[in-house]
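Got your viewer open and a selection box ready? Here's a walk through the model, one stop at a time.

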Amino acid sequence: MKTELNSRERVLRLFRKEEIDCIPVFSGLGNVIVDGLERNGLRFIDLHSDARKMATAAASTFQLYGFECATVPFDFGIEPQALGCEVNFYPHYDTNIIYPTIKKNLAEHIQDLDIHVPSDLAKAGRIPVVTEAIRLLKEEVGKQVAVGAIILGPYTLAGQITDPGNMAKLAFKKPDMVHKLLDILDEVEIETARIYKEAGADYITMHEMAAGGEILSPRMFKSVVKPHIERIIAAIPSPKVLHMCGDTDAIVEDMAACGADGISVEQKNHIAESRKKVGPDVLILGNIDTFKLMVNGTPEDVENAVKEAIANGVDAVWPGCDLWPTVSKENMEALVAATRKYGKLG
């Protein structure tokens, strides 16, 4: 009789392409919800600069619902802040869900950027907060569940430190200038991933949300962004995941070729077609709608979406982006229960 795996074993065995008992339900992106925060007496606005609160929030979705990961951080401002950007944490939004944003880009135009990468990135900005949260998670839940950490993709990071509209124009008109910037940012993300792995992260997810099909053409993605993703992915120890938002149907083969252990896609991706394109050996993680379905749908809707995703060929039931925190506890419970129901293997 086979022994049931715990969540950590199941996820890590999936990445190693070893035999598992059930398709896992987890994420490499933000996965905290209001119910978990309220049960722990936490406010969303306080999570981003306090390692203890960040770790408690990240663990709560596993502890309360069996969601099989604990992932940090929760906002896109970590690397930009380390490079000198000022972050707005909206401290007056006491009970609202609002994510930190960049108050001001380092420069509006790439040609005006003067990037100073800290000599010790591990001590810059809030990177120490994230690393301490990872250490706390490893100590407190790390034997039961895999701990994930998120880095930005280089193109997404570029759009945080400078104007993203100008980035898209220059990617087309002056790609050499964009490559020069991304060369610098590649090193920032490689080092950030190294710091997180050293702190104890079991897997790294690159969140390259700004290079999807609605923003860059497949040709531009392949020529401008893909070489930098490949460079970073090659330098990060496994397990590692590449996530991209938006319509990725036309670039899914290029995503798979970047060298990550799995690719993460959202609901706009047609999984069955993607599976045909990339073959049976590429791990596809997806593609549950995190707002229309998980926030506004019913538990029955969630169950049907999980059943469909598994039937279409996902290797893990995985939200298509960060879970929006107002997801109901009933829908979280349905997400996990449906994966157990339809994802049994062997």
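Let's begin at the second largest pocket, where H12 gives the largest share of the lining, four residues. Keep in mind that you're looking at a predicted model.

**Stop 1: the second largest pocket**

Select helix H12 (299-312), then add helix H11 (271-278) and E8; each of these supplies at least two residues of this pocket's lining. The volume comes to about 240 Å³. There are 13 lining residues, and those closest to the centre are Gln 267, Asn 287, Ala 305, Glu 308 and Asn 312. Colour the lining by class and you get six nonpolar, five polar and two charged residues.

Before moving on, click Asn 287, which sits in strand E8. Which way round is the peptide bond from Gly 286 to Asn 287, cis or trans? It is cis, with omega near -20 degrees. For context, most peptide bonds are trans.

**Stop 2: along E8 and into the sheet**

Stay on E8, residues 283-288, and bring in E9: the two run parallel and are joined by four bridges. Gly 286, one partner in that cis bond, stands opposite Val 317 in E9.

Now zoom out to the whole sheet. It's an open one with seven strands, ordered E1-E4-E5-E6-E7-E8-E9, and the pairing is parallel. Which strands stand at the edges? Select 70-72 for E1 and 316-319 for E9: each has a single partner strand, so one side of each lacks a neighbour in the sheet. Look along the strands and you can follow the twist, as neighbours are turned by 30 degrees against each other on average, direction ignored.

Next, show helix H9, residues 218-235. H9 packs on the sheet and touches strands E4 (147-152), E5 (203-207) and E6 (240-243). The direction of H9 makes about 170 degrees with that of E5.

**Stop 3: two backbone oddities**

Follow the chain into the loop between H9 and E6, where you'll find Pro 239. The peptide bond from Ser 238 to Pro 239 is cis, with omega near 0 degrees.

For the other one, jump to Lys 17, in the loop between helix H1 (7-15) and helix H2 (34-39). Phi of Lys 17 is near 60 degrees, a positive value in a residue other than glycine. Most residues other than glycine have a negative phi.

**Stop 4: a helix crossing**

Select 154-161 for helix H6 and 175-199 for helix H8. Their axes come within 9 Å and cross at roughly 105 degrees, which makes H6 roughly perpendicular to H8. Show side chains for the contact: H6 brings Pro 154, Tyr 155, Leu 157, Ala 158 and Ile 161, while H8 brings Leu 181, Leu 182, Leu 185, Asp 186, Val 188 and Glu 189. What does that mix look like by class? The contact has nine nonpolar residues, no polar ones and two charged ones.

**Stop 5: the closed space**

How many cavities of 30 Å³ or more are there? The count is one, and the volume of this largest cavity is about 60 Å³. To see the walls, select Pro 73, Phe 74, Asp 75, Phe 76, Ile 78, Glu 79, Ile 150, Ile 151, Leu 152, His 207 and Asp 322. Helix H4 (78-82) and E4 are the elements that give two or more residues to this lining, and E4 has the largest share, with three. By class, the cavity lining splits into seven nonpolar, one polar and three charged residues.

**Stop 6: the largest pocket**

Keep Phe 76 and Asp 322 selected, since both belong to the cavity lining and also appear among the residues nearest the centre of the largest pocket. Add Tyr 99, Cys 321 and Trp 324 to complete that central group. The full lining of the largest pocket has 18 residues, and the space inside is about 390 Å³. Colour by class one more time: nine nonpolar, six polar and three charged residues line this pocket.

Methods:
Residues are numbered from 1 along each chain as its sequence is written. This is a predicted model: local features need pLDDT of at least 70, side-chain atom pairs count only at pLDDT 80 or more; totals for chains, interfaces and linings use all residues. Side-chain values use heavy atoms; hydrogens and water are left out. Two strands pair if DSSP finds at least two bridges between them. Axes are lines fitted to C-alpha atoms, for helices over the stretch in contact, and angles run from 0 to 180 degrees between N-to-C directions. Contact means heavy atoms within 4.5 Å. On a 1 Å grid over the protein atoms alone, a cavity is a set of points where a 1.4 Å probe fits but cannot get out, and a pocket is an open set with protein on both sides within 12 Å along at least five of seven lines; lining residues have an atom within 4 Å of a point. Grid points are joined across faces, edges and corners, and a volume is the space filled by probe spheres set on the points. Ala, Val, Leu, Ile, Met, Phe, Trp, Tyr, Cys and Pro count as nonpolar, Asp, Glu, Lys and Arg as charged, and the others, Gly among them, as polar. Angles under 35 degrees count as roughly parallel, over 145 as roughly antiparallel, 65 to 115 as roughly perpendicular and the rest as oblique.
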